[in-house]
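Please open the model in your viewer and set the display so that side chains can be shown residue by residue. The tour below goes from one selection to the next.

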Amino acid sequence: YARSKLCNVLFTRELSRRLAGTGVTANCLHPGVIATEFGAGGDLRGLNAWMFRVLKWFLPGPERGARTSVYLASSPEVAETTGRYFADCKEKEPSRLATDDELAATLWRESERLVDSVPRSPSS
C-alpha cells in the first residue's frame with residue numbers, strides 16, 4: 001500500500017507540473033481508514049480478515065471517506081492549488097521521497113514505457 005500511495009503522490013506531482021499554465025489542477029489524497037467492502041471478496045485472510053471485520057464496526061463510512069475528494073473537486077479554496085497531497089480536507093506534507101521531482105519524472109517515463117508496450121487490439 002505504501003508503495004502504491006507513493007506512486008500516486010509522485011504521479012500527481014508530475015501531472016501537475018505537465019499541466020502548469022493550463023488552468024487544470026491535479027491533487028491527490030488519503031481518504032482515511034473507512035468502512036468499505038475492502039476484503040469482503042476474500043482478499044484478506046486469517047488474522048487480517050478477522051481484524052478488519054471487527055474494526056469495520058468502529059470505522060466511519062464511505063461518505064466520510066469521500067469528503068476530501070468532494071472538497072478538492074468543488075471548493076473555491078483549492079481552485080488554484082495543484083500538485084499537493086491532502087487528508088481530512090487539509091493539505092498535508094508527504095514523505096521526503098514523495099517530493100522528489102526527478103523520481104516523479106522517472107515514474108512518469110516508466111509508466112509511458114509500460115503503456116506503450118501493451119499490445120493494442122486491432123480495433124483501437
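Helices (H or I, at least four residues) and strands (E, at least two) are taken here as DSSP runs, numbered from the N terminus. The model is a predicted one, in which local features need pLDDT of at least 70 and side-chain atom pairs count only at pLDDT 80 or more, while totals for chains, interfaces and linings use all residues. Residues are numbered from 1 along each chain as its sequence is written, and side-chain values use heavy atoms, with hydrogens and water left out.

Begin with helix H4, residues 101-116. From its first C-alpha to its last, this helix of 16 residues reaches 23 Å, close to the 22 Å expected at 1.5 Å a residue (the expected span being 1.5 Å times one less than the number of residues). Now select Ala104, Ala105, Leu107 and Trp108, which are buried in H4; buried means under 20% relative accessible area, exposed over 50%, and partly exposed in between, with a 1.4 Å probe and protein chains only. These four lie on the same side of H4, because they cover an arc of only 160 degrees around the axis, the arc being that of the directions from the helix axis to the C-beta atoms. Show H1 as well, since the buried residues of H4 pack against H1.

Staying with H4, select Arg113 and Glu110, which form a salt bridge whose closest N and O atoms are 2.5 Å apart; a salt bridge is a side-chain nitrogen of Lys or Arg within 4 Å of a carboxyl oxygen of Asp or Glu. The two residues are three apart in the helix, and therefore separated by about one helical turn. Arg113 is partly exposed at 46% relative accessible area, and Glu110 is likewise partly exposed, at 34%.

Move next to helix H1, residues 2-18, where Glu14 and Arg18 are four residues apart, again about one helical turn. Their salt bridge has its closest N and O atoms 2.9 Å apart. Is Glu14 buried or exposed? Glu14 is buried, at 3% relative accessibility, whereas Arg18 is partly exposed at 38%. Add Arg17 to the selection, for Glu14, Arg17 and Arg18 are linked in a network of salt bridges.

Finally, select Arg84 and Glu91, whose salt bridge has its closest N and O atoms 3.4 Å apart. Arg84 is partly exposed at 38% relative accessibility, and Glu91 is partly exposed at 46%. A search of the whole structure finds seven salt bridges.

Methods: Contact = heavy atoms within 4.5 Å.
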